[in-house]
Each structure stands twice: as C-alpha cells, then as structure tokens.
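User: Hi! I'm new to reading protein structures. Could you help me see where some of the terms come from?

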Amino acid sequence: MTSKIAPKRLGFFTRLLDDVPAGERYRLAAEQIIHAEENGFDSAWIAQHHFHAEEGGLPSPAVFLSHVAARTSTIRLGTGVITLPMENALRVAEDTAVLDLLSGGRLEVGFGTGGTKESFEAFGIDADRRGEVYAENLAVVRDAWAGKVLHGGNRLYPDAPHLLDRVWLATFSANGARLAGLSGDGLMLSRTQPRPADNPDATLDDIQNPIIDAYLAGLPQGRAPRILGSRSLFVADDRKRALAFAETGLRRVADRFAAAGHRIEGDRLEDLIKALDSHVGTPDDVIASLKKDTALARATDIVFQVHSIDPPHAEILRSIELIAAEVAPALGWTRSSAPQLVAAQ
C-alpha cells in the first residue's frame, strides 16, 4: 500500500560536519537553519553525537537549539535524535521543558538508542543493555513531563505535558515502528539503513514500507500519523557541479567504511550514490529520483540533509533555496508565500 498522506511538512536536517573548528561549525549550522526558515521550511532537525567529530559534531542539542531559538521565530526545532540511553532522563526532561518555553513552543523531541559502543562505555552504560536503558529512560521522561510524582516526592518544574504529543521515535525495525504507533508517537525513518543479508539489492522503500505499515497498524484509532522521512539530498543549478561535490563527499565516506572493514559494491560514483541512498543533481534530477521513493510519498514530514555529500556552506544555502522553490512543491509541499528564487551567481 502506498497511500499518500497530506499535507506535507518540509524539514531541514543538519549534521555539523564542516571542516572548521567547533565554534564555526555551530555558527554555520545556525545560519543554515535561519536560511531554511527564511525559505519557508517548517522544521529544522539536529542530531546528537558524543565524541566523534566526523559523525555529527554536536553533543548538546538543547544548548544549541536554545541559541537557534533566539535567532528564529517560526521554524519548529527538532532533535533527530537525542541518544537517550546515554542521558540522565530527568535532565533531558528539564532541558527540553525549558527549551520549549524559550522557543515559544516550537520544540519537537526525537529519541533513539544510537551511538557507538565506545560512546556507551564512556558513560558507564553497557551497550548490550541500551534497549533496556532506553525504555526505562523514556518512561521517566514521559512521567516527568506529565507532572507525575517522582522519587522523593518531587515533580518536574517546569512540567511540560504538551511535549507528550511531540515525541518522535527513530527505528530501523517494524517492531520498533509498531511500538511507536501503539504509544501514539511520531515515526522517524532514516535517510539510509542496512540491507538485509537475504536481500542486499533491496531499495530503501522496500525496507521502509513494511516499517510504515507496522506503525500505522499500531496507531490508535483517531490518532493522526506522524511519519518523518529523512533523505540525503543535494541539489544545485548545474548537474556537473552537484556530481563533483558528490564525488568528493561520498568517496570520503567510502574510505571511512573501508578503514572500518566495510565495503561498498562498485567504485563508480553511481555505485556510491545508490549504496548511500543519495539524491544528487538539478531540481529536475532529484525530483525524478525522489518520486520513485514510495516510502517518502507516505511521509507527513519530508526532511532533507546534505550528509553524506557535505558540500561547502554556500552550496548548502543554495540547495535549501532550490529545495523550497522547486523540489518540495513537486513532492506535495506548499507554503503560504512562494520563496523568491534568485539566479545563482
């Protein structure tokens, strides 16, 4: 089943991966989110990564989003995701409650189990228990937001019961999606994910459509679905220019994979684009490839990130403009006033 859910909301996802010092990374990411708001994007999402600068560069999402909240006014701000097993659940509840107030009620809270084994070890968490710890911490966050009595007779201040309706859960599995549906939460679909050993040639929507089916089957009657489809997308005015940046970025990823003992089949740029589920080219190019993605067609929220291509900052800003002006409208998104697209210099 490939039923279309409307209306679409448009999001921008950033990992902080520019080859500059950390403070400059944060400045550039904030500028990208501000630019997304100016171009009508509905939401902006950031990931949390501990220790590994090449993975995401941001260990403190609430701190960063508080800074962005002060410089924006309409765009919703989301965590995609907070790695909850490595966090103190009450501190997460407190930080998100305060952040939501400071942002004027614009916070969306995505949670996941993620992180490398070494990251868990640094926090004194057994990586093999991360699913169990995740469930325990998520229950504590929900109870705290709801204003329930906590240990010692305490209650969260400020409480935030409204955030219970803004939870998003990231998962690679149909069972995880079913649980997200049963709890009435939003479902976060990854920009890429591993192929099953028995079907290495599966497309991303081959894998994610059953996940969506499980989510919708678990969703309580009358509860509106929230399905976030994240995709790797880099769009430029010129196809050759887009492919040149893709060549640099995707080969860098392939080299890291090889150093870690993994291998991508094929060495052509087309092989890398396919293996890393990337959409690259002019607006017409990426519209054509995205329209083939039946899982994305079922998403309520289409969210684009330039990772793993990671072009320079100015190219990211231009890609944001082209997405809002041409790509997203072709996929079912509308905004109240069309962005004013200027010719590339």
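User: What volume does the second largest pocket have?

Analyst: About 320 Å³. This is a predicted model, where local features need pLDDT of at least 70 and side-chain atom pairs pLDDT 80 or more, while totals for chains, interfaces and linings use all residues. Residues are numbered from 1 along each chain as its sequence is written, and side-chain values use heavy atoms, without hydrogens and water.

User: Why is D185 called buried?

Analyst: Buried means under 20% relative accessible area (exposed is over 50%, partly exposed in between, with a 1.4 Å probe and protein chains only). D185 has 0% relative accessibility, so D185 counts as buried.

User: What makes D185 and R142 a salt bridge?

Analyst: A salt bridge needs a side-chain nitrogen of Lys or Arg within 4 Å of a carboxyl oxygen of Asp or Glu. For D185 and R142 the closest N and O atoms are 2.6 Å apart, so the pair fits that rule. D185 sits in a loop and R142 in helix 5, so the salt bridge ties together parts 43 residues apart in sequence. Helices here are DSSP runs (H or I, at least four residues), and strands are E runs of at least two.

User: How do you know that D293 and R231 are buried too?

Analyst: D293 has 8% relative accessibility, so D293 counts as buried. R231, at 1%, is buried as well. These two also form a salt bridge, with N and O 2.6 Å apart at the closest. The pair links a loop and strand 7, 62 residues apart.

Methods
On a 1 Å grid over the protein atoms alone, a cavity is a set of points where a 1.4 Å probe fits but cannot get out, and a pocket is an open set with protein on both sides within 12 Å along at least five of seven lines; lining residues have an atom within 4 Å of a point. Grid points are joined across faces, edges and corners, and a volume is the space filled by probe spheres set on the points.
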